[in-house]
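Colleague: Could you take me on a close look at one part of this model, the place where the protein meets the DNA? I would also like to hear how the rest of the protein is put together around it.

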Protein chains: 2
Amino acid sequence: MLSTHEAGGYHYRYPHPAVAADIAIFTVREGKLMLLLIKRLGSPFAGQWALPGGFLSMDEDLDSCARRELLEETGVDKAFLEHFGNFSAPDRDPRERVISVAYLALIGFDKLSPKAGSDAAEVGWFELSNLPALAFDHAKIIQAALKSLQSRVNDPAMLLHLVHERFTLSQLQQVYEIICSNAVDKRNFRARLLETGLIVETEEMERGAHRPARLYKRAGD
Amino acid sequence: MLSTHEAGGYHYRYPHPAVAADIAIFTVREGKLMLLLIKRLGSPFAGQWALPGGFLSMDEDLDSCARRELLEETGVDKAFLEHFGNFSAPDRDPRERVISVAYLALIGFDKLSPKAGSDAAEVGWFELSNLPALAFDHAKIIQAALKSLQSRVNDPAMLLHLVHERFTLSQLQQVYEIICSNAVDKRNFRARLLETGLIVETEEMERGAHRPARLYKRAGD
DNA sequence: CCAAAAGTGTTACTCGTACACCCATGT
DNA sequence: ACATGGGTGTACGAGTAACACTTTTGG
């Protein structure tokens, strides 16, 4: 049962799957729900797009692995990050047996460092409604990620991860409506949010083409 | 990256964890929430109690693995079975790195075959309020399982897996109250359940020491 | 002065909760 | 007859959903 490290390899009495954390990283930009994908360089599925992710190291748990991958791809270390499912069909990776532990991540588009990550692979944001062909079973994983996201849309703490540091209530409502894709009443939305106590108003205003909107921030600054 | 099968072992370029499905199998008997545990024969933790579970085979996915383990331990193949979390601390198993994919299972106590499973290990049902010392991090897994169970107590479809084929509304309510450990109003409980349409009344009555109670069954017979 | 988004309260309805008495059976 | 659990309806309150007009700025 124990592994031995000999001749640059690892040896086990019984077959072991590889275990990877894959992350569906969402953000909202210009009124669209966007997903981060990376372009695969090697085979299989070379040239196709896939979810960022990576194999579990022996000295970290799965949450740490996901957080590490998120940091590498986006430069963000403080973000909403949550497990939502495992994907384990025996043939989902043609190379070897790989168990994918899938995470949902949410970040505000402003928090991304411009040179996102140092991974050599090409990185791109895609509108969720216009995804390219995807490697492996990642299309299925994304569907499940979206479902998980939508099921939590009423959690204001989650929504707050998708807006900028300072935000207007309309922006927050827009994010809400993009996720669940139906409109809600402005007054009800605002009242519900303010009485959670999770956000506080600032003295700043956003200047736009029309009447300025008050900016809010998270209660914990 | 590929594995090779040579001299009775499996060889990988990078270290791989073992992956196991562990199952918290709950039932209700005599007004108590019970959990199935097995007594470990070998080391580590020999003689201590643990959750049933087993390693993932290369030809099955995780759900199938959990269902197989459930069948082996209880003789039940049609039961509520649902993933609720992964446990992946690097040192949770002293032998080697093991990722535990944890499942919640619910079965009616009547559906258990008497000679539950063919596994040689000793099997026992324990009151949740009176568990023995547990191997590995299984105490933590059980806490998480219970939390998951309680969070879904309002799903009538789930509750129905914990009662017999034919059941009285009082029995169902008792199960509800045991899980969330607080009392609810009889009339409200019954009304809510009946209007889901998930259960239908039968012509049978349960005869007891007092007024007979109507027996119900699942809507899909 | 016009267009565009910001901001603000009240009413109706739905759903959940609280509550008390009579009934059927076994002993 | 009595003890025990089975069975039933209504009223109130909380929370959710519907609804319209005024304000502020830029062009």
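Modeller: Let's start with DNA strand D, which has 18 residues around it, the closest being Ala209(A), Arg211(A), Lys186(B), Arg190(B) and Arg214(B); a residue is near a strand if one of its heavy atoms lies within 4 Å of it. Seen from the DNA side, sugar and phosphate make up 40% of the atoms of DNA strand D that come within 4 Å of the protein. Before going on, please keep in mind that this is a predicted model, in which local features need pLDDT of at least 70 and side-chain atom pairs count only at pLDDT 80 or more, while totals for chains, interfaces and linings use all residues. Residues are numbered from 1 along each chain as its sequence is written, chains are lettered from A and ligands numbered from 1 in the order in which they are written, and side-chain values use heavy atoms, with hydrogens and water left out.

Both chains take part in polar contacts with DNA strand D (a polar contact is a pair of N or O atoms within 3.5 Å; within protein, one must be able to donate a hydrogen and the other to accept it, and residues adjacent in sequence count only if both atoms are side-chain atoms). From chain B, an N or O atom in the side chain of Lys186(B) sits 2.8 Å from a base nitrogen of DNA strand D. Ser170(B) reaches the backbone instead, with a side-chain N or O atom 3.1 Å from a phosphate oxygen of DNA strand D. From chain A, Arg187(A) places a polar side-chain atom 3.2 Å from a base nitrogen of DNA strand D.

As for which elements build this surface, α5 of chain A, along with α5 and β11 (213-218) of chain B, each supply at least two residues near DNA strand D. Here helices (H or I, at least four residues) and strands (E, at least two) are DSSP runs, numbered from the N terminus. The largest share, 3 residues, is from α5(B). By class, the surface near DNA strand D holds 4 nonpolar, 5 polar and 9 charged residues, where Ala, Val, Leu, Ile, Met, Phe, Trp, Tyr, Cys and Pro count as nonpolar, Asp, Glu, Lys and Arg as charged, and the others, Gly among them, as polar.

Now for DNA strand C. There are 18 residues around DNA strand C, and those that come nearest are Lys186(A), Arg190(A), Arg214(A), Asn188(B) and Ala209(B). Of the atoms of DNA strand C within 4 Å of the protein, sugar or phosphate has 42% and bases have the rest. Lys186(A) brings a polar side-chain atom to 2.8 Å from a base nitrogen of DNA strand C, and Arg211(A) brings one to 3.2 Å from a base nitrogen of that strand. Ala209(B) uses a backbone N or O atom, 2.6 Å from a sugar or linking oxygen of DNA strand C. For DNA strand C, α5 (186-194) and β11 (213-218) of chain A and α5 (186-194) of chain B each give at least two residues to the surface, and α5(A) gives the most, with 3 residues. That surface divides into 4 nonpolar, 5 polar and 9 charged residues.

Next, how the two chains meet. The contact (heavy atoms within 4.5 Å) takes 33 residues from chain A and 33 from chain B. About 2900 Å² is buried between them, with carbon and sulfur atoms giving 60%; buried area is the accessible area (1.4 Å probe) that two parts lose on being put together, summed over both. The interface of chain A and chain B has 0 salt bridges (a side-chain nitrogen of Lys or Arg within 4 Å of a carboxyl oxygen of Asp or Glu), but 19 residue pairs are in polar contact, both at pLDDT 80 or more. On the side of chain A that touches chain B, β2 (9-12), β3, β7 (80-87) and β8 (98-106) of chain A each supply at least two residues, with the largest share, 4 residues, from β2(A).

Finally, within chain A, domain 1 spans 11-151 and domain 2 spans 156-218, with bounds from an automatic or database domain assignment. Their contact takes 16 residues from domain 1 of chain A and 11 residues from domain 2 of chain A. The area buried between these domains is about 1200 Å², of which carbon and sulfur atoms give 69%.
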